Amino acid sequence: MAIDVTLRPAGPQDAAAVAAIHHSAWPEDGCDEARIRQALQQPGNHCSLALADGQAAAFVDGFLTCAPDGRLRWEVDLLAVAPPFRGQRLGEQLVRASREYGRRQGAALGRGLVQVDNVASQRTFARSEFALDPTRYLLYTCPADPLEGGADVPAQPAGRRAVEVATFNYSGLWVEEPYTEQDLEAALEHCAVRGLDLVGTLTPEDEPHAWQRLEALGFRQAGCYQWWRCHYPAGLA
Ligand SMILES: CC(C)(COP(=O)(O)OP(=O)(O)OC[C@H]1O[C@@H](n2cnc3c(N)ncnc32)[C@H](O)[C@@H]1OP(=O)(O)O)[C@@H](O)C(=O)NCCC(=O)NCCS
């Protein structure tokens, strides 16, 4: 018998249900319910929860960022379907809903970063009218060392290329290309001062000089990814 699926926005009161789905999708990773609750309360964040026959079965989380060219961007950040509910394209329903939410927020473009070997997620984005950018990127992250005592907090986010994010998995700065070594150092310092977890950046897989430079700065590789993008027709928000 077909299951009855409904989608609704998730609020802070849904943090435990979202955390349970997260844990079922990534049992080997840590999952912090308090962090999820906090992310759900961030301005610009929107999480859709799928209920299957009334049971919390899947979620997609997204948020707005500002691209370096000043355009508003919708980030489809994290998608998970609990294993018992897979195989029914709940992911597609959620990604389509997230895409539509981004359009209604006035974003110029939407995007999601998917690991190159995650076929189920790739199929989901393809079905949800996202187009694959063929460039393969290595994700590099570097944890920030929390500062002791009260340092002066910079008034602005560090570096020209830094985007501050609070996700279900971490808080930190994304540093976007083209960036300098100073941008990365400024971002790490900013995270340390603000108590954010990490700095993340993407570098094309075929540019070894770039990833060698990142490794020299203490960044470590966290997988190979590709962007899936959609463009929203102007004036339809
Ligand atoms: C990605 C995910 C959300 C998709 O769940 P879902 O909506 O139930 O997806 P379905 O099982 O209905 O499959 C969707 C498509 O992927 C294909 N697929 C599913 N699992 C697959 C696998 N292991 N290998 C290859 N293809 C697979 C299906 O055949 C289907 O293809 P089709 O649309 O061409 O028919 C789910 O697998 C998941 O939660 N994975 C773990 C978390 C994750 O990787 N999240 C995405 C990154 S943030």
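**View 1. The protein chain splits into domain 1 (5-130 + 227-231) and domain 2 (137-226) in the domain assignment.** Those bounds come from an automatic or database domain assignment. Keep in mind that this is a predicted model: local features need pLDDT of at least 70, side-chain atom pairs count only at pLDDT 80 or more, and totals for chains, interfaces and linings use all residues. Residue numbers start from 1 along each chain as its sequence is written. From C-alpha centre to C-alpha centre, domain 1 and domain 2 are 23 Å apart.

**View 2. Here's where domain 1 meets domain 2, with 16 residues of domain 1 in contact with 11 residues of domain 2.** Contact here means that the C-beta atoms of two residues, placed from the backbone, lie within 7 Å. On the domain 1 side, α2 (33-40), β3 (55-66), β4 (72-81) and β5 (109-115) each chip in at least two residues. Helices (H or I, at least four residues) and strands (E, at least two) are DSSP runs, numbered from the N terminus. The largest share of that side, four residues, belongs to α2.

**View 3. Zoom in on the ligand and you'll find 19 residues around it.** A residue makes the list if its C-beta atom, placed from the backbone, lies within 6 Å of the molecule. The closest are Arg 86, Gly 91, Val 119, Ala 120 and Arg 123. At least two residues of the shell come from each of β4, α3 (90-104) and α4 (119-127). Of these elements, α4 gives the largest share of the shell, six residues.
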